[in-house]
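Please examine the structure below. The questions that follow take its features in turn.

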There are 2 protein chains.
Amino acid sequence: MHDHKHDKLVDIQETVKLFKIFSDYTRLRIIELLYSGEKCVQDIADSLETSQSAISHQLKLLRDMNVVSARKDGKQVIYNLQDNHIKEIFLIGYSHATECKI
Amino acid sequence: MHDHKHDKLVDIQETVKLFKIFSDYTRLRIIELLYSGEKCVQDIADSLETSQSAISHQLKLLRDMNVVSARKDGKQVIYNLQDNHIKEIFLIGYSHATECKI
DNA sequence: ATTTTATATGAGTGTGTACTCATATGTCAA
DNA sequence: TTGACATATGAGTACACACTCATATAAAAT
C-alpha cells in the first residue's frame, strides 16, 4: 500500500530541484551557451566573463544533477547538455520570460 | 541602435526570475494547490501545514510577481492563479520531474 | 624532470531568503 | 464600542549558496 499524499510531496520536491537548476544567472547562462554545442571550461568562463573557479563549481552542480555531461580531451574537459528535457524546459521558460516580461 | 548582447542577458535574468518563482517548496505547493481553484489564506496554511505568517509572506512575493491575484471576501482574502503561463510551466516541470526522477 | 596549462575542489565569506515572533490592520459580531 | 477573527507585515534569525582565494590534480610541452 502506497502513501499517495507523501508521493505527491516528493514529486513536488523533485520539481523544485528541477526548477532550481534554472534559477541562477551563471548556471542559466552556461545552459544557454551549451545550447549551441559543447564547450570546454575555459571557453565557458571567457564567454561569460566569470572566473574559471566559479564556472567549475557550477559545472560540478550541473554534473551532479545530470544536466551536463563531461568528457576529457587532453588537458581540457568538454561539457555538453545531457538531454533534451533540459533544452525543452529552458526554452519554454525563456520564451515565456521574453514574451511577457514578468 | 540596440545592444543585442545586453538584451539577451536581460532576457536571461528575466528567465531566472521566472524559474525562481517555482524553486521553493512552499511556493510550489501553493501554486499546485491553487491549480485546483481559488483558496483563502487560512485554507492554504491548513492544507500545507504551514504557519499563516509564512504563507502570507510567500503570497506577497507571488502577488508582487503577478503569479497570483487576490480579492477580498469579508474578512478573508481569496487567492487564485493569475494566468495560464504559470500553469503551463508548472505542469511541464512537474511532468518532467515525475517522469524522470532527476 | 620541470614547467606550463587546464581543471577541480576545500575553506572561508558575504548575500539572499524563508522562516518565527510580535504586532498592525481590517472586518464582522455581539 | 468591544471583542473575536482573518490577514499583512516589520524585525530578527538561521540557513543555503554563489562567490573568491589558495591549492591540488592531471596532462602536455620543454
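Q: What share of the area that chain A exposes do carbon and sulfur atoms supply?
A: In this predicted model, chain A exposes about 5700 Å². The part of this area that carbon and sulfur atoms supply is 49%.

Q: What pattern of helices and strands does chain A follow along the sequence?
A: Chain A contains five helices and three strands. Its C-alpha trace spans about 50 × 35 × 20 Å along the principal axes. Written in sequence order, the elements of chain A give α-α-β-α-α-β-β-α.

Q: What percentage of the residues of chain A count as buried?
A: A residue counts as buried when its relative accessible area is under 20%. Chain A has 102 residues, and the buried portion is 41%.

Q: Which element gives the largest share of the surface near DNA strand D?
A: In total, 25 residues surround DNA strand D. They divide into six nonpolar, twelve polar and seven charged residues. The largest share amounts to six residues, and its source is helix 4 of chain B.

Q: Which kind of oxygen of DNA strand D lies 2.6 Å from a polar side-chain atom of Tyr79(B)?
A: Both Ser53(B) and Tyr79(B) are among the closest residues to DNA strand D. For Ser53(B), a polar side-chain atom lies 2.8 Å from a base oxygen. For Tyr79(B), the partner at 2.6 Å is a phosphate oxygen.

Q: What percentage of the atoms of DNA strand D within 4 Å of the protein belong to sugar or phosphate?
A: One polar side-chain atom of Asp24(A) lies 3.5 Å from a sugar or linking oxygen of the strand. Among the strand atoms within 4 Å of the protein, some belong to bases, while the sugar or phosphate portion is 64%.

Definitions and conventions:
Residues are numbered from 1 along each chain as its sequence is written. Chains are lettered from A and ligands numbered from 1 in the order in which they are written. This is a predicted model: local features need pLDDT of at least 70, side-chain atom pairs count only at pLDDT 80 or more; totals for chains, interfaces and linings use all residues. Side-chain values use heavy atoms; hydrogens and water are left out. A residue is near a molecule or strand if one of its heavy atoms lies within 4 Å of it. A polar contact is a pair of N or O atoms within 3.5 Å; within protein, one must be able to donate a hydrogen and the other to accept it, and residues adjacent in sequence count only if both atoms are side-chain atoms. Helices (H or I, at least four residues) and strands (E, at least two) are DSSP runs, numbered from the N terminus. Ala, Val, Leu, Ile, Met, Phe, Trp, Tyr, Cys and Pro count as nonpolar, Asp, Glu, Lys and Arg as charged, and the others, Gly among them, as polar. Buried means under 20% relative accessible area, exposed over 50%, partly exposed in between (1.4 Å probe, protein chains only). Accessible areas come from the Shrake-Rupley method with a 1.4 Å probe; for residues, only the protein chains shown count as cover.
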